[in-house]
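Visitor: I have a chain on the screen and some labels I would like to test. Can we go through the reasoning behind them?

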Amino acid sequence: MSFTSDQLISEGSNVPLHALNMSVRNKLGNFLDPEGFVTGDYSNDFQGLAEVIGFDFQDIKNFHRHRKPTQEVLYQWGTRPELSPTVDNLIRHLQTIGRADDVITECAHLLSKLYFILYKPFAECLLLSSK
């Protein structure tokens with residue numbers, strides 16, 4: 001089964017970023033760690049993602065010092081609630097930097113699996129208990 005960005009945004013609504021497992025983080029890094037190029041207003045790598053999230057120039061320079069900069073961006077984002085670190089916002093930001101097609105195609109099954117394992121049973125339980 002394949003998933004669209006819109007489906008993942010809907011499913012990932014309010015799912016905290018720290019719910020992403022290492023498989024998803026590593027896969028994202030495979031796409032975003034290599035230096036990209038500017039497409040539109042942002043670069044299509046971890047730097048563009050960090051900029052769209054709301055990190056400043058100095059933060060982005062510091063991410064360069066890490067062996068896995070995408071993982072550091074995701075970690076730091078998860079510690080900053082004012083930047084709304086949720087899975088649906090991650091998908092939106094990937095769309096903004098022009099990486100929704102390739103990244104989502106490769107990661108959709110992992111993201112959707114995460115949602116169904118962690119959140120759907122809880123949500124269904126709440127719905128059943130409210131009847």
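Guide: What follows is a set of short questions about those labels, each set against its cut-off. Keep in mind that this is a predicted model.

Visitor: Start with the whole chain. Which elements does it hold, and in what order?

Guide: The protein chain has eight helices and two strands. From the N terminus the order is α-α-β-β-α-α-α-α-α-α. Of its 131 residues, 43% count as buried.

Visitor: What share of the contacts in the protein chain with a separation of 6 or more joins residues 24 or more positions apart?

Guide: The share is 66%.

Visitor: Now helix H3. What makes H3 "mostly covered"?

Guide: Count the buried residues. Six of the eight residues of H3 are buried. They are Phe-46, Gly-48, Leu-49, Ala-50, Val-52 and Ile-53. Buried means under 20% relative accessible area. The cover includes H2, strand S2 (42–43), H4, H5 and H6.

Visitor: What comes just after H3?

Guide: Gly-54 does, and it takes a positive phi of about 125 degrees.

Visitor: Why are H3 and H5 called roughly parallel?

Guide: Look at the angle. H3 and H5 pack at about 15 degrees, with axes 9 Å apart. Angles under 35 degrees count as roughly parallel. Therefore H3 and H5 are roughly parallel to each other. Their crossing is left-handed.

Visitor: Which residues make the contact between H3 and H5?

Guide: From H3 come Phe-46, Leu-49, Ala-50 and Ile-53. From H5 come Pro-69, Thr-70, Val-73 and Trp-77. By class, the contact of H3 with H5 has seven nonpolar residues, one polar and no charged.

Visitor: Why are H3 and H6 called oblique?

Guide: Again, start from the angle. The axes of H3 (residues 46–53) and H6 (residues 87–96) cross at roughly 120 degrees and come within 9 Å. Roughly perpendicular covers 65 to 115 degrees, and roughly antiparallel needs over 145. The angle of roughly 120 degrees fits neither range. H3 and H6 are therefore oblique to each other. H3 passes H6 in a right-handed crossing.

Visitor: Which residues make the contact between H3 and H6?

Guide: H3 supplies Leu-49, Val-52 and Ile-53. H6 supplies Leu-90, His-93 and Thr-96. The residues of this contact divide into four nonpolar, two polar and no charged.

Visitor: How do you know that H5 is largely enclosed by the rest of the structure?

Guide: Seven of the 10 residues of H5 (residues 69–78) are buried, so the helix is largely enclosed. The seven are Pro-69, Thr-70, Gln-71, Glu-72, Val-73, Leu-74 and Trp-77. They pack against helix H2 (22–32), H3, helix H4 (57–63) and H6.

Visitor: Take one residue of H5, Thr-70. Why is Thr-70 called buried?

Guide: Its relative accessibility is 1%. The cut-off for buried is under 20%. So Thr-70 counts as buried.

Visitor: What does Thr-70 touch, leaving aside neighbours within four places in sequence?

Guide: Thr-70 is in contact with Leu-28, Gly-29, Leu-32, Asp-33 and Phe-46.

Visitor: Where is Asn-89, and what makes it buried?

Guide: Asn-89 is in helix H6. Its relative accessible area is 18%. Buried means under 20%, so Asn-89 is buried. Leaving aside neighbours within four places in sequence, Asn-89 is in contact with Trp-77 and Ser-84. The C-alpha atoms of Asn-89 and Pro-16 are separated by 9.7 Å, though the two residues lie 73 residues apart along the chain.

Visitor: What makes the link between the side chains of Asn-89 and Thr-86 a polar contact?

Guide: The distance between them is 3.1 Å. A polar contact is a pair of N or O atoms within 3.5 Å, with a possible donor and acceptor. The pair is a polar contact on that basis.

Visitor: And Thr-86: where is it found, and is it buried or exposed?

Guide: Thr-86 is found in the loop between H5 and H6. At 14% relative accessibility, Thr-86 counts as buried. A polar contact of 2.6 Å joins the side chains of Thr-86 and Asp-88. Not counting residues up to four places away in sequence, Thr-86 touches Asn-14, Val-15, Pro-16, Leu-17 and Trp-77.

Definitions and conventions:
Residues numbered from 1 in each chain as written. Predicted model: local features only at pLDDT ≥ 70, side-chain atom pairs only at ≥ 80, totals over all residues. Heavy atoms only, no water. Axes fitted to C-alpha atoms, helices over the stretch in contact; angles between N-to-C directions. Helix = DSSP H or I, 4+ residues; strand = E, 2+ residues; numbered from the N terminus. Left-handed = near helix turned anticlockwise from the far one by under 90°. Contact = heavy atoms within 4.5 Å. Nonpolar A, V, L, I, M, F, W, Y, C, P; charged D, E, K, R; others polar. Buried < 20%, exposed > 50% of the residue type's maximum accessible area, 1.4 Å probe, protein only.
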